[in-house]
Amino acid sequence: MAAVVSKVISVFFEYDTPRIVHIKSKKVGIINRFLQLCIIGYVIGYAIIFKKGYQDFDNVQGAVTTKLKGVAQTHNLTNNTNGRIWDVADYVVPPQENNAFFVITNLIITDEQKIGICEEDIRIPGANCTSDPKVCKENEPLLAGDGFMTGKCINSSRDKGFQTCEVKAWCPTEDGSLKAPDPPALRIAENFTVFIKNSIEFPKFNVKRRNIPKTVNNETYLKSCRFDIGDNKLCPIFQLKTIVLNTGTPDFKSIALKGGVIQIIINWDCNIDYNVEDCIPEYSFRRLDSDEDILSKGYNFRYAHYYKDQTGVETRTLYKAYGIKFIVTLQGKAGKFSVVPLIINIGSGLAILSVATILCDIMVLYILKAKYLYRDKKYLQVEGDDAYKGMDDEDNEN
């Protein structure tokens with residue numbers, strides 16, 4: 001125990017200083033220069049040139065607005081809305097969203113609903129009372145139902161031979177047996193266009209840009225140009241079919257039938273060291289949901305149009321709307337030359353060069369055949385006049 005304590009104490013009275021050993025060896029020299037070249041290549045080639053370590057960066061900030069154009073006529077519906085004209089005010093719901101928009105492509109419509117007493121749809125869990133009329137509990141709603149049960153079990157007019165709970169609700173209730181029309185009711189939606197207007201800024205560099213080319217002054221340009229027609233990649237007007245097909249979806253109908261979610265990415269990666277006019281956006285598209293989903297496939301929701309009938313009774317038309325949710329994402333950054341990040345990267349590179357020395361020392365002292373010779377030259381122990389001898393040695397001297 002005393003020897004251990006003596007050893008620990010002796011550490012406080014020691015000092016290590018690097019010793020320079022000049023080794024003349026082709027093998028060691030080649031290894032050393034190779035490691036140094038690798039590190040220098042990494043710092044200059046990757047950290048400074050490829051990753052633009054000589055630039056200061058700023059993230060993009062901006063706003064996006066959208067405007068849709070197109071007219072449709074509904075087809076393949078089983079009610080009096082067949083042949084109805086649908087314009088932007090009808091098929092874009094809601095009219096405005098933050099960095100997103102929704103376009104109706106298919107519909108299930110329940111017409112002329114009024115508050116009253118009627119049958120619950122038998123496909124609602126808990127509504128089928130054919131085998132047990134007592135399941136219809138008065139003044140209680142069904143979890144996924146349309147209204148409050150009256151307590152009566154009545155014959156179903158939709159499904160002969162079955163009984164269902166009577167409810168107080170918007171009548172008639174939605175028919176759960178109806179499927180989304182195929183082909184889609186608004187299949188012409190693939191020809192609709194959306195104008196995506198984007199204004200951005202890089203505050204650190206005081207640079208502002210728009211996705212409308214400044215070289216275009218003719219107002220007819222926005223009326224005639226289309227993205228991805230010919231080589232026009234700068235036009236901010238997109239046909240919905242073009243967006244859908246660029247996600248890898250095989251055809252527009254496959255997503256229009258049940259709906260889906262698509263992301264529109266506007267990427268601004270700019271090098272301010274060059275002409276600012278070269279700072280232009282790049283567009284990419286991807287589908288966020290999967291066409292291979294089995295349960296709850298696509299995208300849909302319900303909304304209603306309220307009005308009063310000829311007798312003054314409040315009435316509504318219920319829409320189960322299938323469609324495409326487009327989410328617009330703005331991303332990117334700008335870089336400009338700055339001395340500070342360049343000096344930092346050069347300093348970091350010089351520090352990393354010491355790794356070459358460490359690796360060479362490992363090879364020289366522990367791997368090469370002459371390791372014992374190099375180790376003997378590398379380490380030298382010098383004892384001063386006042387060197388700590390240890391407790392036992394000091395006691396002997398006394």
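1. Confidence first. pLDDT is the predictor's own confidence in each residue, on a scale from 0 to 100. This is a predicted model, and its mean pLDDT is 87, with 89% of the residues at 70 or more. Confidence peaks in strand β11 (residues 260–271), at a mean of 96, and bottoms out in helix α10 (residues 391–397), at 53. I'd keep those two ends of the scale in mind while reading on.

2. The overall picture. The chain has 10 helices and 14 strands. Of its 398 residues, 36% count as buried. Contacts lean on distant parts of the sequence: take those with a separation of 6 or more, and 69% of them come from residues 24 or more positions apart. The chain exposes about 24700 Å², and carbon and sulfur atoms supply 55% of that.

3. The main core. In soluble globular proteins, nonpolar side chains tend to be buried together. Here the largest nonpolar core has 49 residues, and Trp86, Ile104, Phe202, Ile243 and Phe326 have the most contacts inside it. The elements that each put in at least two residues are the strands β2 (61–69), β5, β8, β11, β12 (282–287) and β14 (314–337), plus the helices α5 (240–245) and α6 (252–256). Strand β11, where confidence is highest, is thus on the list of contributors.

4. One residue to click on in that core: Ile243. Leaving aside residues up to four places away in sequence, Ile243 touches Val194, Phe238, Ile262, Ile264, Phe285 and Phe326. Phe326 turns up again here, as both Phe326 and Ile243 are among the residues with the most contacts inside the core.

5. The other core. There is also a second, separate core of 9 residues, with Cys136, Leu142, Cys165 and Ala169 among them.

6. A nonpolar patch on the outside. Which residues form a nonpolar patch on the surface? They are Tyr42, Tyr46, Phe50, Ile352, Val355, Ile358, Leu359, Ile362, Tyr366, Ile367 and Tyr379, and together they have about 1100 Å² of accessible area. Two elements give two or more residues each, namely α2 (26–50) and α8 (354–366). Helix α8 gives the most, with 5 residues.

7. Tyr366 as a sample of the patch. Tyr366 is found in helix α8. Is Tyr366 buried, exposed or partly exposed? Its relative accessibility is 49%, so it counts as partly exposed; the cut-off for exposed is over 50%.

8. Two cis peptide bonds to check by eye. The bond from Val93 to Pro94 is cis, with omega near -10°, and Pro94 is in the loop between α3 (88–91) and β5 (100–119). The other joins Cys171 and Pro172, with omega about 0°. Pro172 is in the loop between β7 (163–171) and β8 (193–202).

9. Two positive phi values outside glycine. Asn99 has a phi of about 55° and is in the loop between α3 and β5, where Pro94 is also found. Glu112 has a phi of about 50°, but its place is in strand β5. Both side chains have some access to the surface: Asn99 is partly exposed, with a relative accessible area of 36%, and Glu112 is partly exposed too, at 47%.

Methods: Residues numbered from 1 in each chain as written. Predicted model: local features only at pLDDT ≥ 70, side-chain atom pairs only at ≥ 80, totals over all residues. Heavy atoms only, no water. Patch = residues over 30% accessible without salt bridge, like charges linked within 9 Å, V, L, I, M, F, W, Y side chains within 5 Å. Areas by Shrake-Rupley, 256 points an atom, 1.4 Å probe, with all protein chains shown as cover. Salt bridge = Lys/Arg side-chain N within 4 Å of Asp/Glu carboxyl O. Helix = DSSP H or I, 4+ residues; strand = E, 2+ residues; numbered from the N terminus. Buried < 20%, exposed > 50% of the residue type's maximum accessible area, 1.4 Å probe, protein only. Contact = heavy atoms within 4.5 Å. Core = buried A, V, L, I, M, F, W, Y, C linked by side-chain atoms within 4.5 Å.
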